[in-house]
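Q: Please take a close look at the aromatic side chains in this one. I'd like to hear where they sit and how they pair up.
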Amino acid sequence: MEKRMGGGSAGRFTSALAEDLENRGVRFYMNTKAMAIQKNADGAVSGVCIETEDGKQETLACRAALLSSGGFVSNPDCLKKYFPNDYSENVIKFPLKSPGNTVSLAESAGAKLEDTCTFVVENGFCFVRDMRAPGRIHTIGGSVWINKNGRRYAAENTFNHNISTKALLRQPDKVGFALYSANTLAHVLRSETDHFCERADVFRNYLAEEIPKQKWCCQADTVEGLAPWIGCDPAVLKKTVDTYNASCAAGVDSEFGKPSEDLIPLQDGPFLAISFRPLYTDTIGPVVTDEFLHVLSTEDDQPIPGLFATGATVSGWVGNTYYLFGSNLSFCFTSGMLAGKQVAKELSTGVL
């Protein structure tokens, strides 16, 4: 059995939990897909149909099943259905594979599903997900954000907050560009945010490698020289930068209200443009449950006996957009614990 069941801090937690459960006699089916929830004549859960890695199918008899396989950020069909205005292939997706089979499993059991879900999206990354890359350099306030038309579209100090993410999702092709001059790039690389100052030389070397490729970034002696790579009118881009520099001189951002301490004019060449895209992190929903994590039936809004759901599969505990994706772990762990206790209670008292 693969003991590591996920990445990051959550992986360390779940790996230790998995080892403890295995020692208690719990059996794990790794690399196995749940195909459908089976119910008996009374409408209660009676089994789960699975398919193993080698294509073998079987049914595991049970009196309770729990839907907890997370969101569907790796499922284009579900993304298009629930987020038609935000979906694009021109984005970066979180590396966790979330195919969204929870939705089909819930449907197979007659579960009630919301018409809307929560999209967990961030302002995104520059470059590829390479530890040498200054992947979030655009989120430091000293940059200037423009779209493919060469125009600013938001205050650049809003980091990954919903306001900056929503603004990016509404730009042409859902792509943004962070502009720097020699002086503003030096300012950003001195920043302690995300420890940029500790890796400034690594970042500069990485940029030196990437600039000649002109895939993620472009350098030019003048602001107008960046326009062909961005795809905008040089005159429009020059006007955008001139207007921004005038705001810096006045100490007031008349366009978007960027704080004065982040208003640093783009003065000295060479000038640099770095493209960035949204990061699709996860989805939340659409399974409807009651307060005990029972999955409700689409027929009568009553609990389906023996069917529970936890974590990111559950709707109703967060709003339409949500950007601090790590903090949903608290709901995942807590809802899992509560559902487990409820299952144990109902099994021991004969409810199931």
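A: Let's fix the burial terms: buried is under 20% relative accessible area, exposed is over 50%, and partly exposed is in between (1.4 Å probe, Shrake-Rupley, only the protein chains shown as cover). With 42% relative accessibility, Phe13 therefore counts as partly exposed. The model is predicted, so local features need pLDDT of at least 70 and side-chain atom pairs 80 or more, while totals for chains, interfaces and linings use all residues. Numbering runs from 1 along each chain as its sequence is written, and side-chain values use heavy atoms, without hydrogens or water.

Phe13 sits in helix α1 (a DSSP run of H or I, at least four residues; strands are E, at least two; both numbered from the N terminus). Together with Leu17, Leu329 and Phe333, Phe13 makes a nonpolar surface patch of about 330 Å² (residues over 30% accessible with no salt bridge, i.e. no Lys/Arg nitrogen within 4 Å of an Asp/Glu carboxyl oxygen; nonpolar side chains joined within 5 Å, like charges within 9 Å). Helices α1 (8–23) and α9 (329–348) each give two or more residues to that patch.

Now the ring pairs: there are nine aromatic pairs (Phe, Tyr or six-membered Trp ring centres within 6.5 Å; stacked under 30 degrees, edge-to-face over 60, the rest tilted). Trp145 and Tyr153 are stacked, 6.1 Å centre to centre with 20° between the planes, and both are buried. Phe177 and Trp229 go edge-to-face at 5.7 Å and 75°. Because Phe177 is in strand β8 (176–180) and Trp229 in helix α7 (227–230), this pair ties together parts 52 residues apart in sequence. Phe177 and Trp229 are both buried too. Finally, Phe72, Tyr82, Phe83, Phe119 and Tyr280 form one aromatic cluster.
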